[in-house]
Amino acid sequence: MAMSSTGRSARVTLFAPRIEELLRRYRGQDLFRLEADTVGVAGVDLMDGLLRSRPANAEERPTFKPVQGRQVTRADAAALMQAVSADVRAALKKPPGERTDLSGKWPHTPHVYLRDLVFGRESFRFRVLVDRRLELTPKLTWMAVAAGTAMLGKPGTEIPLSNLAARVLDAETYDDRRYAMYLYRRVAAPICFTVAALVTNAVWLGAPFDDDVPNRDVLLEALRLLPPSWNILRVASPEFGEVDGRIGGQDDILMLPLLSHRDPRLWDDPEAFRPERWKDLDPDTQPGYLPFGHANERCWGRHMVMPLAERILDVVRRDGLVVSPEQRVGRVELDGLLEVSGVRMVRR
């Protein structure tokens, strides 16, 4: 694997070969061919034109794509959003416990903290659906969903401990409960995964942080250099060729914020972790900055991700947590979200 320096402590990030190749070969390019039927795009204007040319279809919506052929309606998606938003708001009102200890191996440690903070009082059949190990294979997820559904009693036989769980218990038939359980996983788990990845990347890149740099700016800069959601896939559509004639009718499009976030045409000192740059930049309008997707289709969870991530960084700063001085190398694998794995956090 190739190396890329990050952080003021000369920590080194090793990217998976495929990611390293993207950074090495295509950074600063607008359009390039990745496969016989796949075009990569990292140009600001081109990404904007392609994403405006048509809305995402049902299969391209990562959270609310069909569940075993069953469409997730806009009403269901909106209701799920409202439910989990209420749960996150309630969690953020809880005072940070003085006994909270976030030292240990990240991103696992903040993931568990988030699960317990937002969903932790749920029964085991719900808690297991937020487990990181279910990402190993879809079969594990469906086994957990089926087992949890079978164990559920009739609605009202147990007290729901979150708004999201209440939607599962309100389902009247087995098929509806299984559908609701799977969507519980689809909604609850990404919050924990994404926030845990983001704060892990942030501490790896910059901890210990200067006192005068706000959490917001630290997180915005971590999202620039190591965006957990680092690509946007769109399947072949006739609209794309109308935007750029180099795109064929059978070409899928892989748009890469990973590259536009490091484009030297857009950023001063693009490889450096400089959270202070966000004093004068607007993340909603900054060209090429798409950590939560395009303006037309912002990620549904961004207004939950940022405050939860700031909550964790508050604890990190309060307790003086830093990356272990003995750890100089962090690895970014190609297995879903872009995150530095196995970061050891210790008290100074």
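Which helices do the buried residues of H7 pack against? I started my notebook on this predicted model with that question. The partners I found are helix H3 (74-92), helix H4 (108-119), helix H5 (124-127) and helix H8 (174-206).

**Entry: helix H7 and the cores**

I listed the residues of H7 (163-170) that are buried, and they are Leu164, Ala165, Ala166, Val168 and Leu169. I then followed Leu164 outward, leaving out residues up to four places away in sequence. Leu164 touches Leu80, Ala83, Val84, Asp87, Phe119, Tyr184, Val187 and Ala188.

Next I looked up the largest nonpolar core, which holds 91 residues. Leu164 turned up again there, in the group with the most contacts inside the core, together with Trp106, Tyr184, Val195 and Ile312. I asked myself which element gives the most to this core. H8 does, with 18 residues. I also noted a second, separate core of 13 residues, with Leu31, Val41, Phe240 and Ile253 among them.

**Entry: Val130**

I went on to Val130, which sits in the loop between H5 and helix H6 (138-151). Is Val130 buried or exposed? Its relative accessibility is 1%, and the limit for buried is under 20%, so Val130 counts as buried.

I checked what surrounds Val130, setting aside neighbours within four places in sequence. Val130 is in contact with His111, Arg115, Tyr184, Arg185, Ala188, Ala189 and Cys192. Two of these names, Tyr184 and Ala188, I had already written down as residues that Leu164 touches. I also took one distance for reference: Val130 and Arg318 are 188 residues apart in sequence, and their C-alpha atoms are 27 Å apart in space.

**Entry: strands**

I turned to strand S9 (329-332) and wrote down where its side chains point. Gly330 and Val332 point to one face and are buried, while Val329 and Arg331 point to the other face and are not buried. This fits a general rule, in which the side chains of a regular strand alternate between the two faces of the sheet.

Then I looked up the pairing of S9. Strand S2 (11-15) runs parallel to S9, and four bridges link the pair. Val12 has Val329 as its bridge partner in S9. With strand S10 (340-341) the sense is antiparallel, and S9 is joined to S10 by two bridges. Here Arg331 stands opposite Ser341.

I also wanted to know which strands pair with S11 (343-347). Strand S5 (104-106) is antiparallel to S11 and has three bridges to it. Strand S8 (321-323) also pairs with S11 in the antiparallel sense, over three bridges. Met345 in S11 appears in both pairings: it is the bridge partner of Gly104 and of Val323.

**Entry: backbone oddities**

I looked for unusual backbone geometry, keeping in mind that most residues other than glycine have a negative phi and most peptide bonds are trans. Where are the cis bonds I noted? One runs from Trp106 to Pro107, with omega near 10 degrees, and Pro107 lies in the loop between S5 and H4. Trp106 is also one of the residues with the most contacts inside the largest nonpolar core. Another cis bond joins Ala207 and Pro208, with omega about 0 degrees. Pro208 is in the loop between H8 and H9.

I noted positive phi values as well. Gln68 is not a glycine, yet its phi is positive, at about 50 degrees. Gln68 lies in the loop between helix H2 (44-53) and H3. Its relative accessibility is 55%, so Gln68 counts as exposed. Asp269 also has a positive phi, near 50 degrees, and is found in the loop between helix H11 (257-260) and H12. At 46% relative accessibility, Asp269 counts as partly exposed.

**Entry: the second largest pocket**

I finished with the second largest pocket, whose volume is about 250 Å³. Its lining has 13 residues, and those nearest its centre are Leu220, Pro283, Asp284, Phe292 and Arg302. Which helices each supply at least two residues of the lining? They are helix H9 (215-225) and helix H12 (302-318). H12 gives the largest share, four residues. I sorted the lining by residue type too, and found eight nonpolar, one polar and four charged residues.

Key: Residues numbered from 1 in each chain as written. Predicted model: local features only at pLDDT ≥ 70, side-chain atom pairs only at ≥ 80, totals over all residues. Heavy atoms only, no water. Buried < 20%, exposed > 50% of the residue type's maximum accessible area, 1.4 Å probe, protein only. Contact = heavy atoms within 4.5 Å. 1 Å grid on protein atoms, 1.4 Å probe; cavity = no way out; pocket = protein on both sides within 12 Å on 5 of 7 lines; lining within 4 Å. Points joined across faces, edges and corners; volume = space filled by probe spheres on them. Nonpolar A, V, L, I, M, F, W, Y, C, P; charged D, E, K, R; others polar. Core = buried A, V, L, I, M, F, W, Y, C linked by side-chain atoms within 4.5 Å. Pairing = 2+ DSSP bridges.
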